[in-house]
Structure formats: structure tokens, C-alpha cells
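Here are my notes on this model, set out as numbered points. Please read them with the sequence and the structure open.

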Amino acid sequence: MITFGTYDAARHPRTAVLVAGLRAHGVKVTELNRPLGFSTAERVRMLQQPWRLPALAARLLRCWAALVSDAVRHRRAEGRPAAVLVGYLGHFDVLLARLLYPRSVVVLDHLVFAGDTAADRGAAGLRVRLLTSLDRLAVACADVVVTDTDEHRRMLPDPDKGVVVLVGAPDEWRTPPVSTSSTGEGSLSVVFFGLFTPLQGAPVLAAALRDAVAARAPLRVTMVGTGQDLPRAREVLAATPGVTWHDWVEPGELPALVAAHDVCLGIFGDTPKGLRVVPNKVYQGLAAGCVVVTSDTPPQRRALGEHVELVPVADAAALAAELVRLGDPAALAAARARAARGRDRIRPQVVAEPLVAELRRRDAL
């Protein structure tokens with residue numbers, strides 16, 4: 001089996017989780033990967049702003065030329081692969097994979113619907129329709145489409161093509177949890193990291209943090225990332241003490257930073273997309289040994305409801321009350337125990353099981 005595409009496993013570990021999970025099941029996986037070098041936000045921005053497309057096209061063609069050479073060399077050495085996994089953000093890559101491997105089982109990791117993501121970030125009209133058409137073309141080129149939730153699987157034109165595989169977390173995130181006493185003088189340490197998009201509900205969590213501190217909850221907060229809702233979050237927290245802001249943390253440094261906190265915050269927005277996802281940060285925070293607090297949505301409850309602390313969607317008062325509650329050492333210890341019991345469920349070997357089963361059913365392993 002090969003993985004194929006322009007994915008960037010350092011920035012977006014989803015493909016790395018799938019590869020690790022497949023290998024843990026004894027599957028030989030060869031990676032044919034030429035990272036494009038654009039983040040998710042940059043790719044969406046380019047698709048929303050047509051004048052940026054030439055830069056995307058030029059870099060994509062350079063990567064594809066290298067991938068074609070890699071594919072030719074691999075085929076000469078190993079023969080035709082039974083299965084080809086096109087990595088995350090592979091809307092264009094799957095077209096090339098279908099051309100190069102017409103008789104292989106092509107698997108598309110369709111974690112992000114381009115049209116849905118653009119709409120969540122404020123786009124409308126023709127742009128969203130074009131991106132939705134791109135989604136349809138991409139999934140039409142695949143034999144198997146991997147989604148992260150059943151809600152996303154049901155968005156496929158042919159849901160029977162879909163296989164739900166939880167996002168999980170790379171083993172690098174499974175660092176020993178840091179004890180509360182080592183994080184600072186009785187205060188509850190809280191971390192949020194993300195792109196500050198509407199589904200994440202940054203204004204909601206900012207209001208909750210402000211109100212929890214106003215209620216005399218001793219919090220130390222780390223906020224990581226940039227995005228469209230960052231200015232509003234900064235405005236809400238401008239007068240709140242104990243908040244540290246980071247525009248960027250290197251991917252290799254992020255697991256240790258998160259593990260140094262008691263609580264990792266998930267998502268709290270009430271957008272349609274926000275109600276369909278279980279974000280990376282929920283899995284990563286759990287793997288890092290944190291207590292994870294996130295919104296009570298069907299996919300999050302179904303995936304990890306017994307192991308994370310759930311609060312009503314877009315409810316700053318409920319989130320503030322939960323943070324105050326976790327300031328009690330006994331409540332925090334109980335939440336830590338629930339979280340610890342869920343860590344094995346998000347290991348690559350476990351989350352990859354549905355994909356392994358589907359490929360075996362198709363005699364592609």
C-alpha cells in the first residue's frame with residue numbers, strides 16, 4: 001500500500017495517524033509525499049480569492065511532477081499497489097492518483113469538505129458552489145472516502161462509500177501528564193490552541209474565561225493561534241489577568257506545551273460545521289494527559305463522551321461554571337481519571353481499525 005499526495009504531516013497529523021495505525025496492523029506502507037507547504041487556511045484563502053490560484057497551481061504542478069517520478073520508480077520496484085491512500089487535503093491529489101492508479105483501490109482521506117469549510121468561514125454564493133463541486137469531483141474519484149464523523153459521512157453523495165475513522169492523535173502527543181502542583185501554585189492552568197474560526201467559538205470561550213476569573217477562579221490561561229475571531233477574543237479578555245498569547249508554536253513543541261496544562265479547551269461554536277466535527281485539539285489534549293472541556297454535540301459525545309467534560313454549545317456561562325468546578329482539586333482529579341481511561345481509544349492502531357477492515361473486505365491488503 002502507498003500513501004500519495006502533497007499532504008504535510010507535521011502541520012496536519014491526520015495522515016500520520018492513519019499511516020501509523022495501518023503499520024500497527026502489519027500493513028506495509030510506502031509514502032509518496034511531496035508536501036505542498038500551504039496551511040489549511042492558506043489553501044481555503046486561495047480557493048476563495050481566485051487571483052491567488054496561480055501560486056497554488058504552480059506549486060501543485062511542481063509537486064505533481066515529482067510525485068509522478070516517485071510513482072514510476074515505485075511501480076518499477078514494487079509493482080502496482082493494491083491500495084492508494086490520498087492524504088488529508090487531497091482534493092486535487094486524488095485526481096492524479098486516479099489517473100496513475102486506475103486499477104488500485106483509491107482511498108481519499110476527506111477530513112475537510114472545501115465548500116463546508118469556506119461557508120463556515122464566511123464565504124457564500126458562487127465560491128461555495130464551486131468548492132462544493134470540487135468536493136463532489138474529489139469523492140467521485142475515490143473508491144473509499146474516509147471521514148471523521150458519521151455526520152460528515154452522511155454529507156457524501158454516496159454515503160455507502162464512506163468509512164468513519166476518528167481523527168485520533170499521534171503517539172508523540174502521549175506525553176506523561178504534568179501534575180497540578182507543578183503547573184503553578186494552586187491555579188488551574190488552561191490552554192486553547194487553534195485557528196480562531198467560527199466553529200471553535202473563541203468569543204464564547206473568551207467570555208467564559210473572563211467570567212470565571214471574575215468569579216475569583218484562579219486561572220492561568222495560554223491562548224495559541226491566529227484567525228478571524230482572534231481580535232474579538234483579545235478584546236473580551238483585554239482586562240483579564242493571567243492570560244498569555246502566542247501567535248504560533250512549532251508543531252514539535254506543541255505537545256509539551258499542552259501537556260503542561262491541567263485543562264485543554266475544545267470547540268464551543270454553534271455553526272453547522274461546529275456541530276458535525278470532533279476537532280484535533282480534543283484528541284490531542286486527551287492524549288497529552290489533559291482534562292478536555294468541549295461542547296456537548298452528538299459527534300463529540302458519541303466519540304469521547306465518557307472521557308471529556310461536556311458543556312452546552314455556545315454557552316459561556318456553562319463553560320465558566322465548569323472551569324470554576326474544575327478548580328476544586330477533587331473534581332479535577334475525577335476528571336483526570338475519566339480522561340486517562342479514554343487515552344487508549346484514540347491511539348493510531350485503534351482508530352485505524354475501520355479502514356483496515358474495509359480494505360481487507362475489498363482484498364486490498
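1. A cut-off comes before the strands: a residue counts as buried when its relative accessible area is under 20%, as exposed when that area is over 50%, and as partly exposed in between. The model is a predicted one. How many of the six residues of strand 8 are buried? Five of the six are, so strand 8, which covers residues 219-224, is largely enclosed by the rest of the structure.

2. Strand 8 has a parallel partner in strand 7, residues 188-193, and six bridges join the two. Within this pairing V190 has V221 of strand 8 as its bridge partner. Between strand 7 and strand 8 the chain passes through helix 8, residues 202-214, and the β-α-β crossover made in this way is right-handed.

3. Strand 8 also pairs with strand 9, residues 243-246, again in the parallel sense and over four bridges. Here the bridge partner of M223 is W245 in strand 9. The connection from strand 8 to strand 9 goes through helix 9, residues 230-236, and this β-α-β crossover is right-handed.

4. After strand 9 comes a loop that leads to helix 10, residues 254-259, and P251 lies in that loop. P251 has a relative accessible area of 29%, which makes this proline partly exposed. How far apart in space are P251 and L61? Their C-alpha atoms are 27 Å apart, and the two residues are separated by 190 residues in sequence.

5. Helix 6 takes in residues 126-140. Its 15 residues should span 21 Å at 1.5 Å a residue, and the C-alpha atoms at its ends are 21 Å apart, so the expected and the computed values agree. The buried residues in helix 6 include V128, L131, L134, D135, A138 and V139. These residues cover an arc of only 125° around the axis, which means that they sit on the same side of helix 6. On the face turned away from that buried side are the exposed residues L126, R129, L130, R136 and A140.

6. How many disulfides does the model contain? The count is zero, with two cysteine sulfur atoms required to lie within 2.5 Å of each other. For C141 the nearest cysteine sulfur belongs to C63 and is 19 Å away, and C141 is in no disulfide. C141 counts as buried, because its relative accessibility is 13%. C264 is in no disulfide either: the nearest cysteine sulfur, that of C290, is 5.4 Å away. With a relative accessible area of 0%, C264 is buried.

7. Salt bridges are the next topic. Side chains of opposite charge can pair when their charged atoms come close. The structure holds 23 salt bridges. One of them joins D116 to K273, with the closest N and O atoms 3.8 Å apart. This pair links distant parts of the chain: D116 belongs to helix 5, residues 114-120, and K273 to the loop between strand 10 (263-265) and helix 11 (280-287), 157 residues apart. Are these two residues buried or exposed? D116 is buried at a relative accessible area of 14%, and K273 is buried at 8%.

8. Another salt bridge is formed by D171 and R347, at 4.0 Å from N to O. D171 lies in the loop between strand 6 (162-164) and strand 7, while R347 lies in the loop between helix 14 (329-341) and helix 15 (348-351), so the pair ties together parts that are 176 residues apart in sequence. D171 is partly exposed, with a relative accessible area of 38%. R347 counts as partly exposed too, at 35% relative accessibility.

9. R154 and D150 form a salt bridge whose closest N and O atoms are 2.5 Å apart. R154 is partly exposed at a relative accessible area of 48%, and D150 is partly exposed at 23%.

10. Which residues are linked in a network of salt bridges? Such a network links E309, E322, R325 and R338.

Notes: Residues numbered from 1 in each chain as written. Predicted model: local features only at pLDDT ≥ 70, side-chain atom pairs only at ≥ 80, totals over all residues. Heavy atoms only, no water. Buried < 20%, exposed > 50% of the residue type's maximum accessible area, 1.4 Å probe, protein only. Pairing = 2+ DSSP bridges. Right-handed = clockwise from strand over helix to strand, strands pointing away. Expected span 1.5 Å × (residues − 1). Arc of directions from axis to C-beta. Salt bridge = Lys/Arg side-chain N within 4 Å of Asp/Glu carboxyl O.
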